[in-house]
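Subject: Structure for your review

Dear colleague,

Please find below the structure that I am handing over to you. I would be grateful if you would read the notes beneath it with the model open beside you.

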Amino acid sequence: GKLRLFPIEQVSYNKILICGGEIKAIVAARILNEHNIGAIAASGGEGKWKQEFNEYFVDKHVYICFDIDTAGFNGAR
C-alpha cells in the first residue's frame with residue numbers, strides 16, 4: 001500500500017532505467033544488470049512519484065521508459 005521504489009537494490013547502479021511498472025522493472029533489470037545498468041519503478045504506477053525519491057538519482061545517468069499514453073507522458077514529465 002505504501003508508495004516506494006522497487007526493486008530498491010537497483011539504485012546501486014550509476015546508470016538506471018526508470019520503468020512504468022514493477023514487472024517491467026524486474027524484466028528490464030534481468031536484462032540490463034549484466035550491462036551494469038539498473039532498472040526500477042515507483043509502485044503505484046506511472047505518475048506516482050515522491051520528491052524524496054530524487055535523492056537516489058543524484059549524479060546518476062537516468063533514463064525514463066514509460067508507456068506511450070497519457071499517464072506515461074505525464075509521469076515522465
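The notes that follow begin with the overall fold and then turn to individual residues.

Please bear in mind that this is a predicted model.

Overall fold

The protein contains 2 helices and 4 strands. Their order along the sequence is β-β-α-β-β-α. The C-alpha trace extends over about 30 × 25 × 25 Å along the principal axes. The radius of gyration is 11 Å, and a compact globule with 77 residues would have a value near 11 Å, so the two agree.

Buried residues make up 34% of the 77 residues. Among contacts with a separation of 6 or more, 55% are between residues 24 or more positions apart. The accessible surface amounts to about 5,100 Å², and carbon and sulfur atoms contribute 54% of that.

Aromatic cluster

Which residues are linked into a cluster by ring pairs? They are W49, F53 and F57. The count of aromatic pairs in the model is 2. In one of them, W49 and F53 meet edge-to-face, with 5.1 Å from centre to centre and 85 degrees between the planes. The other description concerns W49 and F57, whose rings are tilted at 35 degrees between the planes, with centres 5.8 Å apart. An angle of 35 degrees is called tilted because stacked planes are under 30 degrees apart and edge-to-face planes over 60.

The members of the cluster can also be described by their accessibility. F53 has a relative accessible area of 5% and is therefore buried. F57, at 10% relative accessibility, is likewise counted as buried. W49 has 31% relative accessibility, so this residue counts as partly exposed.

Salt bridge

The structure holds 1 salt bridge. It joins the side chains of D67 and K24, with 2.5 Å from N to O. D67 belongs to the loop between β4 and α2 (70–76), while K24 is in helix α1 (residues 22–32), so the bridge ties together parts that are 43 residues apart in sequence. Are these two side chains' residues buried, partly exposed or exposed? D67 is partly exposed at 32% relative accessibility, and K24 is partly exposed with a relative accessible area of 39%.

Nonpolar surface patch

Helix α1 also contributes to a second feature. A nonpolar patch on the surface is formed by F6, I23, I26, V27 and I31, which together have about 470 Å² of accessible area. The largest share of this patch, 4 residues, is supplied by α1. One of the patch residues, I23, is located in helix α1. With a relative accessible area of 63%, I23 is classed as exposed, because the cut-off for that class is over 50%.

A loop residue

Finally, I would draw your attention to D59. Where is D59 found? This residue sits in the loop between β3 (38–42) and β4 (61–65). Its relative accessibility is 75%, so D59 counts as exposed. D59 and N14 are 45 residues apart in sequence, and their C-alpha atoms are 7.8 Å apart in space.

To view these features in turn, you may wish to begin with the ring cluster of W49, F53 and F57, continue to the salt bridge between D67 and K24, and end with the patch that includes I23.

With kind regards

Conventions. Residues are numbered from 1 along each chain as its sequence is written. This is a predicted model: local features need pLDDT of at least 70, side-chain atom pairs count only at pLDDT 80 or more; totals for chains, interfaces and linings use all residues. Side-chain values use heavy atoms; hydrogens and water are left out. Rings of Phe, Tyr and Trp (its six-membered ring) pair if their centres lie within 6.5 Å; planes under 30 degrees apart count as stacked, over 60 as edge-to-face and the rest as tilted. Buried means under 20% relative accessible area, exposed over 50%, partly exposed in between (1.4 Å probe, protein chains only). A salt bridge is a side-chain nitrogen of Lys or Arg within 4 Å of a carboxyl oxygen of Asp or Glu. Patches are made of residues with over 30% relative accessible area and no salt bridge: like charges are joined within 9 Å, nonpolar side chains (Val, Leu, Ile, Met, Phe, Trp, Tyr) within 5 Å. Accessible areas come from the Shrake-Rupley method with a 1.4 Å probe; for residues, only the protein chains shown count as cover. The radius of gyration is taken over C-alpha atoms; the globule rule is 2.2 Å times the number of residues to the power 0.38. Contact means heavy atoms within 4.5 Å.
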